Amino acid sequence: MSETTNTNKEKKPPLNGRRALPLSNSNDEENEVPEMEAFGLIPRGYNPKDYLHVVNVHMFKEPHEINKQQHHTDKYYSPKLIVRRGQPFQIQIDFNQPYKPETDQFWLEYLIGRYPQQNKGTYIPILVGDVLKPGEWGAKITHRENNSVRLSIMSSATCIVGKFRLYVAVLTPFGILRTHRNSKTDTYILFNPWCQQDAVYLDDEKEREEYVLNDVGIVFHGNINDIKLRSWSYGQFEENILDACLFLMDKAELELSGRGNPIKICRVASAVINSRDDNGVIAGSWDNTYTYGVPPSAWTGSVDILLEYYSSKQPVRYGQCWVFAGVFNTFLRCLGIPARLVTNYYSAHDNNANLQLDFFLDDEGKVDNKMTKDSVWNYHCWNEAWMTRPDLPVGFGGWQVVDGTPQETSDGLYRCGPASVQAIKHGHVCFQFDAPFVYAEVNSDIVYSRREKNGTQVIERIDTTHIGQLIVTKEIGGDGMMEITEEYKFQEGSEEERLALETALMYGIKKQTIQDTMYQPQTDVDMDFQVQKAVLGSDFKVTITFRNKSQNHYTATTYLSGNIVFYTGVTKNQFKKHSFSAKLEPSSSRTFDVVIKSNEYLSDLLDQASFHFFVTARIDETGKILAMQKATVLEIPTLRIKTQGEMVAGKEMSVTVEFTNPLKQTLENVTLRLEGPGVLRTMKKEFRQIPANSTLTWELKCIPKRPGLRKLIASLNCNALRHVYGELNVQIQKP
């Protein structure tokens, strides 16, 4: 018996008057299984060796052997057998003598957890039969030779996902003989998107290759007018990642019998990915101070984070939305649930879920930060997982939103989803879980209102199209962007869109009515502004355009406020204030330029180099207010990655990372990271300083493990400059 069972003996679980057995919610714990289960008194001359007994069990678990090839699990860096449920796999049992079906009887036992019970699916006895029924547990002999028997075993398409222990039991006249505990025969059973009876079945092979088997992805960030992308290494097949993902379900205390259900798994995982309220995987930090941890922008993939959590059992610092989503994606793909990372540009964080983001202006038309509680995130990343939803009416299966970023609580924990994308599109937000919150993230209106001196509230402008303008994910089989906005919402202004909104309102989403406040939109003057694209460290300008469509002369008192913001839309501080008076001639347009100098913003810049401009103008003659806001991001320089010499699996190759400092200042305490699944484990190097305009070079050697197209991903990080990335596709040859 393994040593773990001895320690378990001392820690007997406390008895509980309500349950015969304690909760079974750990895949890690085991029970002791008797190797000899006697039927009564055993006669003195009894020698078990006289009967059929097992000498060896072959699992065919090497990556090139039949099981891992047929089950698409050959990429997992694990010595154990890994198969997908609802699909047959092969094992071979060697006995001490030829097996005679007329007289000999043996069966298999699969156990999981510490309190195996047949009715809970945690103890599975499998008798050997003549036929395998699709999607049900069973075994049949496919080949007999000398003392060996080859078996084909079918697992249930709804069975628990996790690590099972295997015993072979043989019936003798005096009792049952079992094989002893052997961890080499442990079998991991995963979800099977290739199996029609599985709840996560996906019928398109190219989609399965992308959403289950691709271990690298793309995160789209930046903002809608300047979309940026970076690669992320999911690394779901790397060493110990599968065990780390199973540990997350133990950590979340999901009972074993619920672990065949992707809905339950997604729901508990969305809570355990963040550390709020359950000591989960990643601690979030949005305030630009990342003491005692890694800044979110420095991570290049999920592997380091999951392995650190698996060994320390303490939250890993720090993450922001794309880090939560990247790690969640690794978890889902590792267990075999098809998943993708999604970015929503201009995502509403609506604190009171009234489908309305309230921006309050003061008398001068400036935003009142004390009153304004809602925020617009430049972008927000979440995940979609693919599954059937037998708990909802027909038609709501398919992609489900799950979000591991802690924003609001759901049933008392920080978690979100799974919410059916189809239900969100049609406004059926009554269906679990958290559909109203996601609906608001992509559909809220922005309402600008101003409080008059006498206390009445005047609505100055309602922007119905700003939120959820663009929703994207990585394209299948390439690094490009695929727009999926239409999966979430109908065309802006279409009849269907209004209907979906009315449906959502009928199902209880609160939306304040406008009639109790005065609202007359300004129609005879239009205002717009553009921000020039600029590289970090340079000057740029903001151009404001007025169009006077009336026959009147107007004067517009105009106020521009430039703020440095977190990508969540929360302001850090104002770095630019500029007022001017604009004379507007009848039926004509005028433009005004405001120059932003680099020394005005560089000292306060945050890691995503995000600016937010508010322009408000008051028409002096009518008292009407025009208000507009836009976010913009600076161009951040990239890292260059090069390789030298031939790139062959198993042979040393050399990689160089280069970076030129674009700022007019010296960068201090710079950290470089480089990783590439199948090529090299994460490497880190620190540089004390990089003077202005000088170039840093880092050369390192590595031995790629796997042939094929691979990706190298690098990041650079220091207090003055974050979100610096580089990547390179490399073709590793077969030796």
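These exercises, each with a worked solution, deal with a predicted model of one protein.

## Exercise 1: The whole protein

Task: State how many helices and strands the protein has, and what share of its residues is buried.

Solution.
- Step 1. Start with the secondary structure. It comes to 12 helices and 40 strands.
- Step 2. Turn to burial. The protein has 735 residues, and 56% of them count as buried.
- Step 3. Add the extent. The C-alpha trace spans about 115 × 60 × 45 Å along its principal axes.
- Step 4. Look at the contacts with a separation of 6 or more. Residues 24 or more positions apart account for 68% of them.

## Exercise 2: Domain 3 meets domain 4

Task: List the domains, then describe the interface of domain 3 and domain 4.

Solution.
- Step 1. Read the domain assignment. It gives domain 1 (36–190), domain 2 (205–507), domain 3 (525–633) and domain 4 (640–732).
- Step 2. Take the C-alpha centres of domain 3 and domain 4. They lie 39 Å apart.
- Step 3. Count the residues in contact. Domain 3 brings six and domain 4 brings five.
- Step 4. Find the buried area. The two domains bury about 560 Å² between them, and 59% of this is on carbon and sulfur atoms.
- Step 5. Sort the residues on the domain 3 side that touch domain 4. Two are nonpolar, three are polar and one is charged.
- Step 6. Check for salt bridges between domain 3 and domain 4. The rule finds zero.
- Step 7. Check for polar contacts between domain 3 and domain 4. The count is one residue pair.

## Exercise 3: A buried arginine

Task: Decide whether Arg-710 is buried or exposed, and find its polar partner.

Solution.
- Step 1. Place the residue. Arg-710 is part of strand E39, which covers residues 708–718.
- Step 2. Apply the cut-off. Buried means under 20% relative accessible area. Arg-710 has 9% relative accessibility, so it counts as buried.
- Step 3. Look for the partner. The side chain of Arg-710 makes a polar contact of 3.4 Å with the side chain of Asp-215.
- Step 4. Name other residues that Arg-710 touches. Among them are Lys-75, Pro-677, Leu-728 and Ile-732.

## Exercise 4: A covered helix

Task: Explain what covers helix H4, and say which of its residues are buried.

Solution.
- Step 1. Count. H4 runs over residues 241–251, and nine of its 11 residues are buried.
- Step 2. Name them. They are Ile-241, Leu-242, Ala-244, Cys-245, Leu-246, Phe-247, Leu-248, Met-249 and Asp-250.
- Step 3. Find the cover. It includes strands E3 (81–84), E9 (162–172) and E11 (187–190). It also includes helices H5 (262–272), H6 (303–312) and H7 (321–335).
- Step 4. Step past the end of the helix. Just after H4, Glu-253 takes a positive phi of about 55 degrees.

## Exercise 5: A serine in a loop

Task: Locate Ser-302 and find which backbone oxygen lies 3.1 Å from a polar atom of its side chain.

Solution.
- Step 1. Locate it. Ser-302 sits in the loop between strand E14 (282–284) and H6.
- Step 2. Judge its burial. The relative accessible area of Ser-302 is 0%, so it is buried.
- Step 3. Find the oxygen. It is the backbone oxygen of Gly-326.
- Step 4. Name the residues around it. Ser-302 touches residues including Trp-232, Tyr-234, Val-327 and Thr-330.

## Exercise 6: Backbone angles

Task: Find where two cis peptide bonds lie, and which residues of strands E16 and E40 have positive phi.

Solution.
- Step 1. Take one cis bond. It runs from Gly-417 to Pro-418, with omega near 0 degrees. Pro-418 lies in strand E22 (residues 416–420).
- Step 2. Take another. The bond from Gln-432 to Phe-433 is cis, with omega near 5 degrees. Phe-433 is in the loop between helix H8 (421–426) and helix H9 (435–443).
- Step 3. Look at H9 itself. Eight of its nine residues are buried. Phe-437 and Tyr-439 are among them.
- Step 4. Turn to phi in E16 (residues 339–349). Tyr-346 lies in this strand, and its phi is near 60 degrees. Tyr-346 is buried, with a relative accessible area of 5%.
- Step 5. Do the same for E40 (residues 721–732). His-723 lies in this strand, and its phi is also near 60 degrees. His-723 is buried, with a relative accessible area of 5%.

Definitions and conventions. Residues are numbered from 1 along each chain as its sequence is written. This is a predicted model: local features need pLDDT of at least 70, side-chain atom pairs count only at pLDDT 80 or more; totals for chains, interfaces and linings use all residues. Side-chain values use heavy atoms; hydrogens and water are left out. Domain bounds come from an automatic or database domain assignment. Contact means heavy atoms within 4.5 Å. Buried area is the accessible area (1.4 Å probe) that two parts lose on being put together, summed over both. A salt bridge is a side-chain nitrogen of Lys or Arg within 4 Å of a carboxyl oxygen of Asp or Glu. A polar contact is a pair of N or O atoms within 3.5 Å; within protein, one must be able to donate a hydrogen and the other to accept it, and residues adjacent in sequence count only if both atoms are side-chain atoms. Ala, Val, Leu, Ile, Met, Phe, Trp, Tyr, Cys and Pro count as nonpolar, Asp, Glu, Lys and Arg as charged, and the others, Gly among them, as polar. Helices (H or I, at least four residues) and strands (E, at least two) are DSSP runs, numbered from the N terminus. Buried means under 20% relative accessible area, exposed over 50%, partly exposed in between (1.4 Å probe, protein chains only). Lists of a residue's contacts leave out its neighbours within four places in sequence.
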